[in-house]
Amino acid sequence: MHRTSGILLHPTSLPGPYGIGDLGHSARRFVDFLAAAGQGLWQMLPLGPTGYGESPYQCTSAFAGNPLLISPELLLERGWLDPEELDPPDFSSDQVDFHAVIPWKRALIARAVHAFQEHASESDRGDYLLFRRAHADWLDDFALYHALKVHHGHRPWTEWRADLARREPEALARWSKAHARELDAQRLIQYFFYTQWSGLRAYANSRGVRLIGDMPIFVAHDSSEVWTHREWFQLDEAGHPTVIAGVPPDYFSATGQRWGNPLYDWPKVAADGYSFWVQRLRRVLELVDLVRIDHFRGFAGYWEIPATEETAVNGRWMPGPGMALFDALRATLGEGLPLIAEDLGVITEDVEALRDGLELPGMAILQFGFEDTEGGFGRSSFLPHNHRSSLAVYTGTHDNNTLLGWWALRDPTTRHNAMLYLNSDGSEIHWDFIRSALGSVAALALFPMQDVLGLGAEACMNRPGTSEGNWLWRYREDMLTDDAAERLRVLSRIYGRLPYPG
């Protein structure tokens, strides 16, 4: 990896009149901002269709794209919507109101699907057929899962009609035949997403911007993959998890984090040649150039929580698949896996050995560097003078407070240490942190868009341990100023991070 930097921004946070950021013209304008600012990376959160709480880390598929990211403008340009249909309600420009956006956008996309089914050209139908063939290994299962989910009032698959929940072949065949047009609609929605995404990625790459995706280690229980392949997960006869994922008490919560995802039955996944993981990584690399693997430490050892426990306190460490999984990935996808290991939390020698054996960059969070004072200030591995080149340094992540929000809550000693370390008077602490990240020896430096814009706690993307009020933040178009782009470009040039041409 050459030395470069970039911005962390989920596409839902992009501006626009349709209530939620999408893959249309505002996404390209953001790419233009990155290019003007000398940034070579755009990192985002998982791109799948969201389930409970609209968390991108609880997707209903590991392969499908989120329909809410489909651009109405681009559907109009393809002739699948009429201009009069693009008259949205008065949505908020600062936050996503999912309760209002979801039904409006679903209805809009349904009209586009109908228009395609009735009036698409032979060329478009041929392109759609090629898409279906190329993605047949997941698309049909997802289309059936999602159509059934809609049919059952969006309830989890464990609450569907029993023969359909159990995937009895005759029941599925009868239902599929009776609802063929609905299944085609779900496949078409994914065609819209993938077509728009391919255009965005090509545009970003043409401007010297590489995309970083995010792949959670675990999948949601209410997902196409768990319904389709129950044998890969630790479930009871009714399909409910017997043990679930999370982490023990940590920085974010005194009772740990009880994520609720089902845990893999790793011996059975291994017996299948890790086919799910090979397929999963292959597909995500069709969308992005690099992949951050969330909770990388879970491959060495993961926290197993009995499903009956209300918190994550009473769990136990269990061995993960280790290098065997990555050997299978490399055997199929090549030696140089383009991955970033999210190695935060309880990191032990086996985690470090797995990361370093794969020659993957880990992560360092600058905010943590000024809080981790065990043994005296300055010893934290998160501080720039302790960085290594094989590293991605962040001012913060989607799980952190914004820098200004974090700074407002710091005690005088922490503030004093930070200002002394950064040679700062504290008046523009967010830029001081950005400069420190850019100056690190770490190969990659990334910062949330909120930190570039100097926004406070009101712009937090996620507050771990809370179930409401997350994933809502959006920026306004007028916030992307030439001054901010120039300032970022100058600093990136000084520290040798301007992207290579091309």
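There are zero disulfides anywhere in this structure. Keep in mind as you explore that this is a predicted model. Below we visit two cysteines, an open sheet, the largest nonpolar core, an enclosed helix and a buried lysine.

**Two cysteines to look up**
- Cysteine 59 has a relative accessible area of 11%, so it counts as buried, the cut-off being under 20%.
- Cysteine 460 is buried too, and its relative accessible area is 8%.

**An open sheet**
- Strands pair in a sheet through backbone hydrogen bonds, and the pairing can be parallel or antiparallel.
- Here, four strands line up in the order β5-β4-β7-β8 to make an open sheet with antiparallel pairing.
- The edge positions belong to β5 (257-262) and β8 (316-319); each has a single partner strand, so one side of each has no neighbour in the sheet.
- On average, neighbouring strands of this sheet are turned by 50° against each other, ignoring direction.
- To see one pairing in detail, look at β4 (residues 243-247) and β7 (residues 301-306), which run antiparallel and are joined by four bridges.
- Valine 243, for example, has proline 306 in β7 as its bridge partner.

**The largest nonpolar core**
- This core has 158 residues, and the members touching the most others are Trp42, Trp277, Phe326 and Met449.
- Helix α8 (residues 180-206) is the biggest giver to this core, contributing 11 residues.
- What does tryptophan 277 contact, once neighbours within four places in sequence are set aside? Its contacts are Met215, Pro216, Ile217, Tyr264, Trp266, Val269, Phe299, Leu325 and Leu329.

**An enclosed helix**
- Helix α11 spans residues 275-284, and eight of its 10 residues are buried, so the rest of the structure largely encloses this helix.
- The buried residues of α11 include Trp277, which you have just met, along with Phe276, Val278 and Leu281.
- Gln279, Arg280 and Arg283 are also among the buried residues of α11.
- As a handy rule, an α-helix has 3.6 residues a turn, so residues three or four places apart point the same way.

**A buried lysine**
- Is lysine 149 buried or exposed? With a relative accessible area of 7%, lysine 149 is buried.
- You can find lysine 149 in helix α5, which covers residues 136-151.
- The side chain of lysine 149 makes a polar contact of 2.3 Å with the side chain of aspartate 222.
- Leaving out residues up to four places away in sequence, lysine 149 touches Thr60, His154, Arg155, Pro156, Trp160 and Asp222.

Terms used: Residues numbered from 1 in each chain as written. Predicted model: local features only at pLDDT ≥ 70, side-chain atom pairs only at ≥ 80, totals over all residues. Heavy atoms only, no water. Buried < 20%, exposed > 50% of the residue type's maximum accessible area, 1.4 Å probe, protein only. Helix = DSSP H or I, 4+ residues; strand = E, 2+ residues; numbered from the N terminus. Disulfide = S-S within 2.5 Å. Pairing = 2+ DSSP bridges. Axes fitted to C-alpha atoms, helices over the stretch in contact; angles between N-to-C directions. Core = buried A, V, L, I, M, F, W, Y, C linked by side-chain atoms within 4.5 Å. Contact = heavy atoms within 4.5 Å. Polar contact = N/O pair within 3.5 Å; in protein donor to acceptor, adjacent residues only side chain to side chain.
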